[in-house]
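Dear colleague,

Please find below the structure that I am handing over to you. My notes on it follow directly after.

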Amino acid sequence: MSKKSGSQLPRSGSFNLQKFLAAKTVAVNEALDRFLPAEKCKPATIHRAMRYSLFAGGKRIRPAILMAVGRTFGASDESLANSSAAVEMIHTYSLIHDDLPAMDDDELRRGRATCHIQFGEATAILAGDVLQTLAFKSMADDETLSAETRVRLVSLLAEASGTPAGMVAGQQLDLDAEGKELSIGEIETIHRQKTGALISAAAVAGAIIANATNNELSAIENYAVKLGLLFQITDDLLDVTQATETLGKTAGKDAAAEKATYPAHYGIERAMAMASAVRDEACESLTSIEKDITLLAELADFVLHRTR
Ligand code: IPE
Ligand code: IPE
Ligand code: MG
Ligand code: MG
Ligand code: MG
């Protein structure tokens with residue numbers, strides 16, 4: 001756990017961050033809109049379903065992390081656009097499939113009916129599938145990057161999205177854990193894989209695009225692994241502390257499904273203290289970086305204090 005107290009770590013008001021997040025949401029939405037076939041393009045059902053889930057008001061935190069890291073190390077906005085869209089497509093695919101009746105069986109997502117409720121299960125499965133393939137295409141076709149960088153990014157994203165230690169692996173562990181008593185180490189592994197892996201890949205992608213040094217890459221990876229764990233701890237906390245209307249997804253689902261979560265294991269107060277400690281650890285990982293890391297520290301604060 002943290003050696004320094006939270007107050008000694010970089011902290012500042014979040015006005016700049018809010019501005020940054022709003023601007024990056026616009027940028028990634030534009031990139032996504034460019035990649036996705038138009039709604040009317042045949043077969044229209046699948047294109048409507050993809051756009052319905054993608055443009056439903058997600059926080060766009062993974063693209064923001066990628067762009068924040070890229071900017072920290074001097075990458076141009078243009079060189080970060082395709083990769084930001086790619087991580088958001090993978091994320092949205094994971095949400096569509098996560099909500100399916102065979103998985104978490106949710107009816108509300110991003111403030112609207114889930115993809116399978118709106119379009120039927122078969123189309124929801126296909127919408128997830130095609131968002132995944134399109135994500136890799138958007139990286140592979142990125143003309144702002146060298147062929148070598150594109151291949152590196154595709155490999156990074158594939159590893160983070162899959163098995164044995166990526167998002168799909170974590171989702172499998174999450175389902176297998178329902179109704180079971182797990183150790184905290186096992187819960188942490190689920191969180192690192194199902195959520196942390198993609199968040200980490202987003203951060204590392206930003207650093208790769210910006211040609212960060214190996215030392216910088218490893219500092220960013222340490223930061224992002226903590227940030228990803230923090231993100232899922234706060235997701236679990238919000239599930240028990242916030243209302244459905246605030247979350248845009250059904251509150252209280254984790255307890256009902258007997259999911260393995262930090263608040264279920266430790267109770268809300270201890271889980272909150274642990275979240276705060278993980279935020280401190282994330283920020284400590286940034287101290288070796290000789291660049292302005294304010295934005296990255298603010299992102300960690302944002303993830304800790306978010307209300308949805
Ligand atoms: C929700 O992610 C699923 C998790 C991995 C915890 P977000 O909270 O980022 O969802 P959106 O993108 O804002 O809808
Ligand atoms: C989902 O975790 C992680 C994914 C890879 C989608 P959750 O199942 O807790 O996410 P929510 O709460 O449904 O958004
Ligand atoms: Mg789930
Ligand atoms: Mg879920
Ligand atoms: Mg959740």
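**Ligand 1 and its surroundings**

In this predicted model, an N or O atom in the side chain of Arg62 lies 2.7 Å from an oxygen atom of ligand 1. His91 has a side-chain N or O atom 2.8 Å from an oxygen atom of ligand 1, and for Arg110 a polar side-chain atom is found 2.7 Å from an oxygen atom of this ligand. On its own, ligand 1 has 390 Å² of accessible area, of which the protein covers 90%. There are 13 residues around ligand 1, and those that come nearest are Lys59, Arg62, His91, Arg110 and Gln232.

**Ligand 2**

Gln232 also appears among the residues around ligand 2, as do Ser94, Leu95, Asp98, Asp104, Arg109, Met167, Gln171, Lys194, Thr195, Asp235 and Lys249. Asp104 places a polar side-chain atom 2.7 Å from an oxygen atom of ligand 2. For Arg109, a polar side-chain atom is likewise 2.7 Å from an oxygen atom of ligand 2, while for Asp235 the corresponding distance is 3.2 Å. Ligand 2 taken alone exposes 390 Å², and the protein buries 91% of that area.

**Magnesium ions**

Which residues coordinate the magnesium ion (ligand 3)? Asp98 and Asp104 do so through OD atoms, at 2.1 to 2.2 Å. Asp98 in addition bridges the magnesium ion (ligand 3) and the magnesium ion (ligand 4), and these two ions lie 3.1 Å apart. Asp98 and Asp104 are both buried.

**Nonpolar core**

The largest nonpolar core comprises 90 residues. Those with the most contacts inside this core are Met89, Leu157, Ile220, Tyr223, Leu296 and Leu299. Leaving aside residues up to four places away in sequence, Tyr223 touches Ala282, Ser285, Leu286, Leu296, Leu299 and Ala300.

**Cysteines**

How many disulfides does a search of the whole structure find? The search returns zero. A disulfide is a covalent bond between the sulfur atoms of two cysteines. In the case of Cys41, the closest cysteine sulfur belongs to Cys115 and is 17 Å from the sulfur of Cys41, which is too far for a bond; the cut-off for a disulfide is 2.5 Å. Cys41 counts as partly exposed, at 35% relative accessibility, whereas Cys283 is buried, with a relative accessible area of 1%.

With kind regards

Key: Residues are numbered from 1 along each chain as its sequence is written. Chains are lettered from A and ligands numbered from 1 in the order in which they are written. This is a predicted model: local features need pLDDT of at least 70, side-chain atom pairs count only at pLDDT 80 or more; totals for chains, interfaces and linings use all residues. Side-chain values use heavy atoms; hydrogens and water are left out. A nonpolar core is a set of buried Ala, Val, Leu, Ile, Met, Phe, Trp, Tyr and Cys residues joined through side-chain atoms within 4.5 Å. Buried means under 20% relative accessible area, exposed over 50%, partly exposed in between (1.4 Å probe, protein chains only). Contact means heavy atoms within 4.5 Å. Donors are N, O and S atoms within 2.8 Å of the metal (3.2 Å for Na, K and Ca); water is not among the atoms, so sites may look incomplete. A residue is near a molecule or strand if one of its heavy atoms lies within 4 Å of it. A polar contact is a pair of N or O atoms within 3.5 Å; within protein, one must be able to donate a hydrogen and the other to accept it, and residues adjacent in sequence count only if both atoms are side-chain atoms. Accessible areas come from the Shrake-Rupley method with a 1.4 Å probe; for residues, only the protein chains shown count as cover.
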